[in-house]
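Reader: Could you walk me through this one? I'd like to ask about it bit by bit.

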Amino acid sequence: MVKFLDLQAANAPYRQEIDRAIASVLDSGWYLLGSANQLFEQSFSNFCGVSDTAGVANGLDALNLIIRGYGFGSEDEIIVPANTYIASVLAISQNGCTPVFVEPDLETFNLNADLIEEKITPRTKAILVVHLYGRAMSMEKVWKLAYKYNLKIIEDSAQAHGAIFQGRRTGNLGDASGFSFYPGKNLGCLGDGGAVTSNDQSLIKKIRALRNYGSYEKYVNSYKGQNSRLDEIQAAVLNVKLKGLDFDNNKRREIACRYLSEINNPHITLPKKPQDPLEHVWHLFVVSTQRRDALQKFLLERSVQTLIHYPIPPHKQQAYEELKGLVLPLTEKIHKEVLSLPISPVMSADDVSLVIDAVNSFG
């Protein structure tokens, strides 16, 4: 069986160093907001090319805290891709803001920048860009619109650790970015974890208080904050794995290159190859077909495990029943047809060949 993602194998190259890092945290007796977190915040800032990072508990909190930090609320709208994972939308609605959906570009699956301007109103405060599946969003038009209408750009970089657009990494393409370090991410810890990156030091300072009960000083609360801290063990694990992220991303690119050049099945549409390979870190390799369920069953019978990202779009979820009247045909088409093939740095050449042969055999 070619597993969709073998986390044990993915962490194995780092195991000894992770064990030492965890032991160091245990021996220190300091488990929250300590030296491991400080080191990770500095290292991740350097990696992304930003002035500062605030470690938080998870990716949803990262986006939530950015929106809270900017003070957006019930009178405000935030533009967001219609086909994103629900966390991007939850962060907007949990702050009382209104999500305004924009359909995707079917070639990249990212937000279609040509459709943004028609959605901007006097209530619009930000564009939330999602670098979906690991592909950095093409940002030129977004930058121009943000400047023209005085909007913030919030990046959801949860799937795109290390992707590069025009020489800048995700996390440094907008005003602030939220990252997730869920175990299955390109940079994953051993539980939940997240971070906010920004060159806006006043925003990061406020988020550092908001993540810690609204407090800069113990027992003195400046804001009605929350508890959203990246714990020391997860920060220590991330410090180890960050050093190998570019290497692991390049392995993903090599596998994606084989898929793109060797999969040849008229029933299956492959993702568009990026002009610059560095723009995509291939968190997911997503194909589409009108016979998605049949393809998934066929591949499983041939020992290839796949997943669907995501079967139900946000506006069709019960949680957003008030949005069920929206008609978003491209988003709905994507969610009915996409299937994610295995892709990870620990797949062998034989594993990749097995996947390619199985996909090509589907008819």
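Reader: Which residues of α8 do Ser35, Ala36, Asn37, Leu39, Phe40, Ser43, Phe44 and Phe47 in α3 meet?
Author: This is a predicted model, where local features need pLDDT of at least 70 and side-chain atom pairs count only at pLDDT 80 or more, while totals for chains, interfaces and linings use all residues. Residues are numbered from 1 along each chain as its sequence is written, and side-chain values use heavy atoms, leaving out hydrogens and water. Contact means heavy atoms within 4.5 Å, and helices (H or I, at least four residues) and strands (E, at least two) are DSSP runs numbered from the N terminus. On the α8 side, the partners are Glu232, Ala235, Ala236, Leu238, Asn239 and Leu242.

Reader: At what angle do helix α3 and helix α8 pack?
Author: Two packed helices are described by the angle between their axes and the distance between the axes. Axes here are lines fitted to C-alpha atoms, for helices over the stretch in contact, and angles run from 0 to 180 degrees between N-to-C directions. For α3 (residues 35–48) and α8 (residues 232–242), the axes are 8 Å apart and the angle is about 35°.

Reader: Which residue meets arginine 211 in a salt bridge?
Author: A salt bridge is a side-chain nitrogen of Lys or Arg within 4 Å of a carboxyl oxygen of Asp or Glu. For arginine 211, the N to O distance is 2.9 Å, and the partner is glutamate 41. The pair links distant parts of the chain, with arginine 211 in the loop between α7 (201–210) and β10 (215–217) and its partner in helix α3, 170 residues apart. So the name you want is glutamate 41.

Reader: Is arginine 211 buried or exposed?
Author: Buried means under 20% relative accessible area, exposed over 50%, and partly exposed in between (1.4 Å probe, protein chains only). Arginine 211 has a relative accessible area of 6%, so it's buried.

Reader: Which residues are linked with Arg211 in a network of salt bridges?
Author: Glutamate 41, at 6% relative accessibility, counts as buried. Glu41 belongs to that network, and the full set linked with Arg211 is Glu41, Asp52 and Arg208.

Reader: How many of the 8 residues of helix α5 are buried?
Author: Cover for the buried residues includes α4 (59–70), β2 (77–81), β3 (98–102), β4 (124–130) and β5 (152–156). Ile86, Ala87, Ser88, Val89, Ala91 and Ile92 are the buried ones. The helix is largely enclosed by the rest of the structure because the count is 6 of the 8.
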